[in-house]
Amino acid sequence: MFIYPFERLEAWSLAIDLTAAIYHQTNKFPPKEMYGLTIQIRRAAISVSSNLAEGSGRISNKDQAHFFSMSYSSLLEVLNQFIIAHRIGYINDLDLQSIRGSIEKLSKKIAALRNATINLIQWNKTPNP
């Protein structure tokens, strides 16, 4: 079976794990939130791994960096929405801290991917002597 480049990214694997955890947590939300906060959090979470996958398939470093940046932004959106869920009592302190820990670990991986790609862009712009 062929393995696509994004499947080799640790960040992508962590993003998939985070998405599964988010689905588990949001299953506990009240049914009235199904088309509100629940769907927003799930869409943002899916966007994290989707943008990593799409970025890994881009040819130019600039395009890759753009999608990695979008993935990072979606991750921050997830965190924001979980903070809201906590404030309105849908999740407890322990659940929020667990999600925050996963987000922190993943954010470092995505930032490293983005920064490495940006460094390649800069390196390619450097004139050769």
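Here are four short exercises on this structure, each with a worked solution.

This is a predicted model, in which local features need pLDDT of at least 70, side-chain atom pairs count only at pLDDT 80 or more, and totals for chains, interfaces and linings use all residues. Residues are numbered from 1 along each chain as its sequence is written, and side-chain values use heavy atoms, with hydrogens and water left out.

**Exercise 1. The fold**

Find how many helices and strands the chain has.

Solution. Start with the rule: helices (H or I, at least four residues) and strands (E, at least two) are DSSP runs, numbered from the N terminus. The chain has 4 helices and 0 strands. Read along the sequence, the pattern is α-α-α-α. Next, take the extent: the C-alpha trace spans about 60 × 35 × 20 Å along its principal axes.

**Exercise 2. One residue in a helix**

Decide whether Asn51 is buried or exposed, and list its contacts.

Solution. First, locate Asn51: it is in helix α2 (residues 37–56). Second, apply the cut-offs: buried means under 20% relative accessible area, exposed over 50%, and partly exposed in between (1.4 Å probe, protein chains only). Asn51 has 7% relative accessibility, so Asn51 counts as buried. Third, look for contacts (heavy atoms within 4.5 Å). Leaving aside neighbours within four places in sequence, Asn51 touches Phe67, Met70, Ser71 and Ser74.

**Exercise 3. Aromatic rings**

Classify the ring pairs Tyr4–Phe6 and Phe6–Trp12.

Solution. Rings of Phe, Tyr and Trp (its six-membered ring) pair if their centres lie within 6.5 Å; planes under 30 degrees apart are stacked, over 60 edge-to-face, and the rest tilted. This rule gives 4 aromatic pairs. Tyr4 and Phe6 lie 6.3 Å centre to centre with 20 degrees between the planes, and the pair is stacked. For Phe6 and Trp12, the centres are 5.0 Å apart and the planes at 75 degrees, so this pair is edge-to-face. Now widen the view: ring pairs link Phe2, Tyr4, Phe6 and Trp12 into a cluster. Check burial too. Tyr4 is partly exposed because its relative accessibility is 48%. Trp12, at 19%, is buried.

**Exercise 4. The core**

Name the residues that touch the most other members of the largest nonpolar core.

Solution. A nonpolar core is a set of buried Ala, Val, Leu, Ile, Met, Phe, Trp, Tyr and Cys residues joined through side-chain atoms within 4.5 Å. The largest one holds 27 residues, and Ile22, Phe82 and Leu106 touch the most other members. The elements giving two or more residues to this core are α1 (10–26), α2, α3 (61–87) and α4 (93–125). Finally, follow Ile22: beyond neighbours within four places in sequence, Ile22 contacts Ile41, Ala45, Val78, Phe82 and Ile99.
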